[in-house]
Amino acid sequence: MTAIDLRRMAKAQGIRKPRVEIAPIVTTKAQANDLARLYMRTVRIWATGANERIKPAYARALAEQKAMDGLILDRAGDVEIEIEAVNNEAVRSIFTFRGLLQSWAESVQALHMRRFVSQLLYSTNVDLSTQMYAGEVQETIEDVLARNMALIRDVSDQARGRISDIVFRGLQSRTPVKEVAAEIAKVVGLARERALRIASDQTVKLSASLDRQRQLQVGMTSFEWRHSGKLHYRPAHKARSGKVFAWSSDVGRNDAPGMAPFCGCKAKGVLELD
């Protein structure tokens, strides 16, 4: 990443204040919603597959089991085939997930860069729009892609495991179809809730990583901790609000704003001119 001497450039513009600050760049609800829609593609495959393939196969297996216990293994095998078919469809959807995810990450990065440049122009009269490029944060984008590919696979794998457990326990216990259907619906609901939480958190994570890289790029070696104001917060994070930390400090390296699970805190860029 190309280093930019913002301190020198700001002074050249006649900036005489001792410190330059930029307001935190907050992610939008639309950005999180866009990512959530990508996650929900896989969740919907399990929801549809459960209704159209797995539950009918379970009903047939249960009816056959009640009529003739000797065929239970064959009928259970039919249910397993349907679960595998749904899983294969989910896996295929994940193959297309990466390209869509990359487009999403690049759009978040582009908006972040525009806002960062705008904030600096307002604070320093320095226009960096021709000196910052998307390629400089490509490693961050690649990290986001790898992490979210793993997360969407885990969402799908959890759904498969839980649904399999429900239907095979159901066959062993001869659980009525209606009860099994209700349990499967809960699994799909949990997958949906988890996907939405992940989408919100991963949007913040990407923005937090971009905050760090862009601030360091212009010589902002320190940041001011801005607490998220969430109802359920980490006391240690709230205690840091308003305090300045070096990016090279233990806090900056190991527990920066927005990096802990579901942390919504932000790093306010700080550049000392004196």
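**Strand pairing, a buried serine and the whole chain**

**View 1. Ser222 and its partner in strand 4.** Ser222 has Val270 of strand 4 as its bridge partner. The model shown in this and the following views is predicted. Strand 2, which covers residues 222-226, pairs with strand 4 over 5 bridges. The two strands, 2 and 4, run in the antiparallel sense.

**View 2. Arg19 and its partner in strand 4.** Arg19 is bridged to Glu272, a residue of strand 4. Strand 1, made of residues 19-22, is joined to strand 4 by 4 bridges. Strand 1 and strand 4 are antiparallel. Strand 4 therefore appears in both pairings, with strand 1 and with strand 2, under the rule that two strands pair if at least two bridges are found between them.

**View 3. The cover over strand 4.** Strand 4 runs from residue 266 to residue 272. Of its 7 residues, 6 are buried, and the strand is mostly covered. In a regular strand, side chains alternate between the two faces of the sheet.

**View 4. Ser207 in helix 5.** Helix 5 takes in residues 177-217, and Ser207 is one of them. Ser207 counts as buried because its relative accessibility is 2%, and the cut-off for buried is under 20%. Apart from neighbours within four places in sequence, the residues in contact with Ser207 are Ile25, Thr27, His112 and Lys266. Lys266 also belongs to strand 4, which spans residues 266-272.

**View 5. The order of helices and strands.** The protein chain holds 7 helices and 4 strands. Followed along the sequence, these elements come in the order α-β-α-α-α-α-β-α-β-α-β. Among contacts with a separation of 6 or more, 82% are between residues 24 or more positions apart.

**View 6. The outline of the chain.** The C-alpha trace spans about 90 × 40 × 25 Å along its principal axes. The radius of gyration of the protein chain is 25 Å, whereas a compact globule of 274 residues would have one near 19 Å. Buried residues make up 46% of the 274 in the protein chain.

**View 7. The surface and the charges.** About 13800 Å² of the protein chain is exposed, and 52% of this area comes from carbon and sulfur atoms. The protein chain carries 42 positive and 31 negative side chains. The centre of the positive set and the centre of the negative set are 6 Å apart.

Terms used. Residues numbered from 1 in each chain as written. Predicted model: local features only at pLDDT ≥ 70, side-chain atom pairs only at ≥ 80, totals over all residues. Heavy atoms only, no water. Rg over C-alpha atoms; globule rule 2.2 N^0.38 Å. Buried < 20%, exposed > 50% of the residue type's maximum accessible area, 1.4 Å probe, protein only. Contact = heavy atoms within 4.5 Å. Areas by Shrake-Rupley, 256 points an atom, 1.4 Å probe, with all protein chains shown as cover. Lys, Arg positive; Asp, Glu negative; His and termini not counted. Charge placed at Lys NZ, Arg CZ, Asp CG, Glu CD.
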